[in-house]
Amino acid sequence: DLQHTSPSTAIYTNDTVEFMGWQTKTVSVHEAASKPIPLIATKYSFTGLKWWDTIQKMTSTLLAEPKFKNMDYLIPALTKDYTGFIPRPATNAQITAATRHILMSTADTSEIWGTTEVGTKPQQLTAAQVIIKFTLAAMRVFMAEWAYKAGVPRSIRKDIGRWSQEKTSEVY
């Protein structure tokens with residue numbers, strides 16, 4: 001859904017970072033005007049690093065550039081060497097590749113992680129094996145699951161994944 005919003009719709013509150021979406025899998029472009037699509041991220045950090053400051057700096061920097069000022073997507077394409085932006089939306093494959101690259105370069109790839117897949121028993125895999133399997137679609141589920149397992153209060157987790165019922169993120 002982040003590719004279906006614009007940095008110009010950003011709202012930064014004391015507790016959240018919010019964008020207004022113009023389309024989701026369940027709400028078409030034509031329905032969006034009558035069915036608002038708020039994309040909300042709670043300002044929460046396990047490490048104390050304020051990731052929301054980076055988002056705010058990135059959106060204001062992009063909007064200040066003439067070639068990005070009318071962008072209707074949040075993540076622009078990256079150059080092949082990951083050092084610059086191209087004024088067009090990044091594809092799912094490009095975002096996935098960049099995320100895997102970041103994970104591979106920051107994680108201890110030999111560390112053993114537990115993982116489960118639908119219809120299989122829990123497996124012990126190296127971080128590298130798990131990262132290779134990573135997809136953006138999986139984030140909706142595992143971010144909510146990890147937050148639950150980490151003891152993040154429900155009031156903070158409620159917006160993760162845009163579940164129809166708040167408690168769904170605990171039982172998915």
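Me: Which residues make the nonpolar surface patch of about 250 Å²?
Reply: In this predicted model, one member of the patch, F85, is found in strand β5, which covers residues 85-89, and another, Y82, lies in the loop between β4 (76-78) and β5. Taken together, the residues that make this patch are L78, Y82 and F85.

Me: Is F85 buried, partly exposed or exposed?
Reply: Membership of a patch requires over 30% relative accessible area, and F85 has a relative accessible area of 37%. Because exposed means over 50% and buried means under 20%, F85 counts as partly exposed.

Me: What is the phi of Y82?
Reply: Most residues other than glycine have a negative phi. Y82 is not a glycine, yet its phi is positive, and this residue lies in the loop between β4 and β5, where it is partly exposed with a relative accessible area of 36%. The value of its phi is about 60°.

Me: Which residues make up the largest nonpolar core?
Reply: The strands β2 (16-21) and β3 (37-42) each supply at least two residues of this core, which has 6 residues in all. Its members are V17, F19, I37, L39, W52 and L74.

Me: Is T59 buried or exposed?
Reply: T59 is found in helix α1, residues 51-64, and its relative accessible area is 3%. Because the limit for a buried residue is under 20%, T59 is classed as buried.

Me: With which residues is T59 in contact, leaving aside its neighbours within four places in sequence?
Reply: Two of the partners, F19 and L74, also belong to the largest nonpolar core, whereas the list for T59 further includes P7 and Y12. In full, T59 of helix α1 is in contact with P7, Y12, F19 and L74.

Me: How many helices and strands are there in the protein chain?
Reply: Read along the sequence, the chain follows the pattern β-β-β-α-β-β-α-β-β-α-α-α-α, in which helix α1 spans residues 51-64 and strand β5 spans residues 85-89. The count for the protein chain is 6 helices and 7 strands.

Me: What share of the residues in the protein chain is buried?
Reply: A residue counts as buried at under 20% relative accessible area, and T59, at 3%, is one example. The protein chain has 172 residues, and the buried share of these is 24%.

Me: What part of the area that the protein chain exposes do carbon and sulfur atoms supply?
Reply: The protein chain exposes about 11,500 Å². Of this area, the part supplied by carbon and sulfur atoms is 58%.

Terms used:
Residues numbered from 1 in each chain as written. Predicted model: local features only at pLDDT ≥ 70, side-chain atom pairs only at ≥ 80, totals over all residues. Heavy atoms only, no water. Core = buried A, V, L, I, M, F, W, Y, C linked by side-chain atoms within 4.5 Å. Buried < 20%, exposed > 50% of the residue type's maximum accessible area, 1.4 Å probe, protein only. Helix = DSSP H or I, 4+ residues; strand = E, 2+ residues; numbered from the N terminus. Patch = residues over 30% accessible without salt bridge, like charges linked within 9 Å, V, L, I, M, F, W, Y side chains within 5 Å. Areas by Shrake-Rupley, 256 points an atom, 1.4 Å probe, with all protein chains shown as cover. Salt bridge = Lys/Arg side-chain N within 4 Å of Asp/Glu carboxyl O. Contact = heavy atoms within 4.5 Å.
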